[in-house]
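This report looks at how a protein holds its two ligands and then turns to one residue of a strand. Please have the structure open while reading.

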Amino acid sequence: MEFKFTMPTEIYFGEEVILKNKEVFSAIGKKALIVTGRNSAKKNGSYDDVKTALTTTGVEHILFDEVEENPSLETIEKGSYIGKINNVDFVIGIGGGSPMDAAKAVAVFIKNPDVNKENIFSSGKLESIPVVAVATTSGTGSEVTQYSIVTSIKEKTKKNLGQSIFPKVAFLDSRYTYDLPYDITVNTAIDAFTHLVEGYLNTNSTYMSDIYGEKGFELFKYCFERLVNKELTVEFRNKVMMASALAGIQIAQNGTSLPHGMGYPLTYFKGLPHGLANGVLTMEYLKSFKDKTKIERMLNILGFSNLEELESIFNRLIDVKIEITEDEINEYSKNFFANKKKLENHTEEVSLEDIINIYRKSLLKN
Ligand code: NAP
Ligand code: FE
């Protein structure tokens with residue numbers, strides 16, 4: 001039972017948590033940069049709640065609302081420039097994983113004026129100014145992880161910024177997700193589920209991290225049924241948001257493994273939303289395990305007797321055709337195989353051939 005467990009983020013979960021705890025912002029600083037996407041935060045009530053909390057507690061704020069899906073280093077530089085010239089002392093990321101991850105990276109760039117998109121990956125360990133995260137998808141779990149996944153156009157891939165940036169505070173109010181369209185609800189829920197799976201079936205998993213994984217699977221037993229029946233009730237929104245946060249806490253300890261690493265080129269080159277990119281690979285990844293002991297424990301908690309039952313849920317939720325060639329699969333596999341970190345997180349030895357096979361069986365089905 002030896003383990004290390006870190007969760008430095010202060011988590012507020014529940015209805016109207018921002019307005020009920022508005023002094024949290026003024027305790028962090030006097031001037032904030034709000035980092036968000038182009039539209040959704042202004043429509044789902046999250047931006048209004050943050051603005052009200054800041055205004056009533058006397059915290060000045062500037063808005064940067066240009067974060068695209070899978071944020072690029074170019075956008076991050078632009079956001080950090082606005083933060084720097086306005087002398088902000090903290091950053092508030094509002095949105096799905098893209099704005100939250102961008103906010104974390106912006107906070108690093110603001111703290112370290114010499115850092116830019118060219119030298120960030122060779123800069124060593126850096127500090128950031130404080131980050132507050134407000135999640136509006138359920139999701140990436142980014143509100144409780146140290147990761148910031150960015151798009152490097154130069155390297156033609158998505159990658160972790162390589163810094164540890166746990167938000168100081170995370171606000172989770174599922175009201176912001178009530179109007180999340182069905183397809184985004186499914187894709188983001190699948191992302192949360194794959195975090196649970198990859199964090200659970202992980203070399204780094206511990207007694208403590210498994211508690212989060214197993215509680216998450218228990219919530220997914222409920223959530224999968226509601227997802228396939230399209231019963232997106234308030235209870236569903238709360239439970240999937242909770243599952244996503246538990247999954248985030250788990251991957252903050254253990255990291256992700258094959259589906260996440262293998263999914264990045266499907267997002268970069270084929271435009272697949274992140275959750276879906278992991279989701280299309282998950283079943284073949286699970287089938288590839290030689291030792292299925294822990295998978296069986298997971299299936300049991302999910303209420304399934306075998307992998308085929310989970311697969312039939314996946315087939316109902318995921319319906320995507322990807323145009324891909326054997327050459328592309330070989331190329332993605334080679335690049336992924338060079339990513340030793342993700343391979344180390346996987347509990348079994350895999351060869352390049354195994355990786356090619358997971359891609360082939362997942363993507364060349366018909
Ligand atoms: P996202 O890219 O943040 O957002 C996807 C879309 O959903 C956007 O069009 C966004 O609109 C919209 N949206 C967000 N919240 C909404 C709401 N409440 N109602 C209606 N529409 C809403 O999606 P995501 O899946 O949450 O994040 C994906 C990113 O997170 C990827 O870059 C992925 O690599 C990363 N990720 C990070 C971690 C981590 O630990 N840091 C883990 C997994 C994934 P707007 O643009 O208008 O806001
Ligand atoms: Fe993810």
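## Basis of the description

Helices, which carry the letter H or I and have at least four residues, and strands, which carry the letter E and have at least two, are DSSP runs numbered from the N terminus. The model discussed here is a predicted one, and the element names used below follow that numbering.

## The iron site

The iron ion (ligand 2) is coordinated through OD of Asp-191 and through the NE2 atoms of His-195, His-260 and His-274, at 2.1 to 2.2 Å. Along the sequence, these donor residues of the iron ion (ligand 2) follow the spacing D-x3-H-x64-H-x13-H.

Two of the donors belong to one helix: Asp-191 and His-195 both lie in helix H7 (residues 182-200), and because they are four residues apart there, about one helical turn separates them. Asp-191 and His-195 are also both buried. What is the geometry of the site, given angles of 85 to 171° among its four donor atoms? The site of the iron ion (ligand 2) is irregular; since four donors count as tetrahedral only if all angles lie between 85 and 135 degrees, the upper value of 171° rules out that assignment.

## The surroundings of ligand 1

Around ligand 1 there are 29 residues, of which Ser-40, Ser-98, Thr-137, Thr-145 and Lys-158 come nearest. By character, the residues of this shell divide into 16 polar, seven nonpolar and six charged.

Nitrogen atoms of ligand 1 take part in several contacts with side chains: a polar side-chain atom of Asp-101 lies 2.8 Å from a nitrogen atom of the ligand, a polar side-chain atom of Asn-44 lies 3.0 Å from a nitrogen atom of the ligand, and an N or O atom in the side chain of Ser-142 is 3.3 Å from a nitrogen atom of the ligand. Taken on its own, ligand 1 has 940 Å² of accessible area, and the protein covers 88% of this. The elements that give two or more residues to the shell around ligand 1 are helix H6 (97-111) and H7, and H6 gives the most, with five residues. Helix H7, which carries Asp-191 and His-195, is thus named in the description of both ligands.

## Thr-151 in strand E6

Thr-151 is placed in strand E6 (residues 149-152). Is this residue buried or exposed? Thr-151 counts as buried because its relative accessibility is 8%, where the cut-off for that class is under 20%. A polar atom of the Thr-151 side chain lies 2.8 Å from the backbone oxygen of Asn-70.

Technical notes
Residues are numbered from 1 along each chain as its sequence is written. Chains are lettered from A and ligands numbered from 1 in the order in which they are written. This is a predicted model: local features need pLDDT of at least 70, side-chain atom pairs count only at pLDDT 80 or more; totals for chains, interfaces and linings use all residues. Side-chain values use heavy atoms; hydrogens and water are left out. Donors are N, O and S atoms within 2.8 Å of the metal (3.2 Å for Na, K and Ca); water is not among the atoms, so sites may look incomplete. Four donors count as tetrahedral if all angles lie between 85 and 135 degrees; four count as square planar and six as octahedral if opposite donors are over 155 degrees apart and all others between 65 and 115; anything else is irregular. Buried means under 20% relative accessible area, exposed over 50%, partly exposed in between (1.4 Å probe, protein chains only). A residue is near a molecule or strand if one of its heavy atoms lies within 4 Å of it. A polar contact is a pair of N or O atoms within 3.5 Å; within protein, one must be able to donate a hydrogen and the other to accept it, and residues adjacent in sequence count only if both atoms are side-chain atoms. Accessible areas come from the Shrake-Rupley method with a 1.4 Å probe; for residues, only the protein chains shown count as cover. Ala, Val, Leu, Ile, Met, Phe, Trp, Tyr, Cys and Pro count as nonpolar, Asp, Glu, Lys and Arg as charged, and the others, Gly among them, as polar.
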